[in-house]
Amino acid sequence: MKSEIEIIIPSLGNKKLFKTIESINRGSIVPNKIICLINNKKKINIKKNYKNLKIYYTFKKGQILQRLEAFKITSGKFILQLDDDIILEKNCLKNLLKSLKKLGKGNVVGPLFKDLSGEPIHKINRSHFKFFYD
């Protein structure tokens, strides 16, 4: 079954990217395309061949410019922007798509991010990171 979702990922081509791609492709819904825009002069080597993975190289610096370049390439009904160090749970795309369809046209949804212990990031005790927020 062809998916309605395409994913764009700006990246420097670090090893974290491979885990992200694997988690996406192990999900209950596999996206039609995963578009990685890599700001890097060197070619990266992905050991597994994913038919839905498209890698483009750019000299544009910064995630915003890389995402803009990816939007020019994508054509999916639903587009998900991810960072290259995000690991998706199996039903993440299924749940996001279900929410979008329920809400209807003109709405946006996003995943709930958790830390390694499973705690939602918005509940992290910010006093441990006070110097970031002063």
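Mentor: Before we begin, one term: two strands count as paired if DSSP finds at least two bridges between them. The structure above is a predicted model.

Trainee: Then which residue stands opposite Glu6 in β4?

Mentor: Glu6 stands opposite Ile79 there. The pairing of β1 with β4 is parallel and extends over 4 bridges.

Trainee: And how many bridges join β1 to β2?

Mentor: There are 6 bridges between β1 and β2, and these strands also run parallel. Ile8 has Ile35 of β2 as its bridge partner, and Pro10 is partnered in β2 by Leu37.

Trainee: How does the chain cross from β1 to β2?

Mentor: The path from β1 to β2 leads through α1, and this β-α-β crossover is right-handed.

Trainee: What does β2 pair with over 6 bridges, besides β1?

Mentor: β2 pairs with β3, in the parallel sense. Ile35 reappears here, since it stands opposite Lys54 in β3.

Trainee: Let me step back. How many helices and strands are in the chain?

Mentor: The chain has 4 helices and 4 strands. Read from the N terminus, their order is β-α-β-β-α-β-α-α.

Trainee: Where is confidence highest, and where is it lowest?

Mentor: Strand β1, residues 5–11, has the highest mean pLDDT, at 93, whereas helix α4, residues 130–133, has the lowest, at 46. Over the whole chain the mean is 82, and 85% of the residues reach 70 or more.

Trainee: How many contacts beyond four places in sequence does the model have for residues 130–134?

Mentor: It has 1 such contact, and pLDDT stays under 50 throughout residues 130–134. Where pLDDT is low, the predicted coordinates should not be read in detail.

Trainee: Back to β1, then. Is it enclosed or open?

Mentor: β1 is largely enclosed by the rest of the structure, because 7 of its 7 residues are buried. Its two faces are covered: one carries Ile5, Ile7, Ile9 and Ser11, and the other carries Glu6, Ile8 and Pro10.

Trainee: How many residues of β2 are buried?

Mentor: In β2, 6 of the 7 residues are buried, which leaves the strand mostly covered.

Trainee: Asn39 caught my eye. Where is its place?

Mentor: Asn39 lies in strand β2. Its relative accessible area is 16%, so Asn39 counts as buried, the cut-off being under 20%.

Trainee: What does Asn39 touch, not counting residues up to four places away?

Mentor: Asn39 touches Ser11, Leu12, Thr58, Lys60, Lys61, Gly62 and Gln66.

Trainee: Which residues of α1 are buried?

Mentor: They are Leu17, Thr20, Ile21, Ser23, Ile24 and Asn25. Their cover includes strands β1, β2 and β3.

Trainee: Which residues touch the most other members in the largest nonpolar core?

Mentor: Ile7, Ile9, Ile21, Cys36, Leu82 and Leu93 do, within a core of 24 residues. Two or more core residues come from each of β1, α1, β2, β4 and α3. Helix α3 gives the most, with 5 residues.

Trainee: And what does Leu93 touch, leaving out residues up to four places away in sequence?

Mentor: Leu93 touches Ile5, Ile7, Ile29, Pro31, Leu80 and Leu88.

Trainee: A different residue now: in which helix is Ile73 found?

Mentor: Ile73 belongs to helix α2, residues 63–73. Ile73 counts as partly exposed because its relative accessibility is 27%.

Trainee: What is Ile73 in contact with, aside from its neighbours in sequence?

Mentor: Beyond four places in sequence, Ile73 contacts Lys33, Ile35, Leu37 and Tyr56. As for Tyr56, it is 17 residues from Ile73 in sequence and 9.7 Å away in space, C-alpha to C-alpha.

Trainee: Finally, the chain overall. What percentage of its residues is buried?

Mentor: Of the 134 residues, 35% are buried. The accessible surface comes to about 9,600 Å², and carbon and sulfur atoms account for 54% of that. Among contacts with a separation of 6 or more, 58% join residues 24 or more positions apart.

Key:
Residues are numbered from 1 along each chain as its sequence is written. This is a predicted model: local features need pLDDT of at least 70, side-chain atom pairs count only at pLDDT 80 or more; totals for chains, interfaces and linings use all residues. Side-chain values use heavy atoms; hydrogens and water are left out. pLDDT is the predictor's confidence in each residue, from 0 to 100. Contact means heavy atoms within 4.5 Å. Buried means under 20% relative accessible area, exposed over 50%, partly exposed in between (1.4 Å probe, protein chains only). Accessible areas come from the Shrake-Rupley method with a 1.4 Å probe; for residues, only the protein chains shown count as cover. A nonpolar core is a set of buried Ala, Val, Leu, Ile, Met, Phe, Trp, Tyr and Cys residues joined through side-chain atoms within 4.5 Å. A crossover is right-handed if, with the strands pointing away from the viewer, the path from the first strand over the helix to the second runs clockwise.
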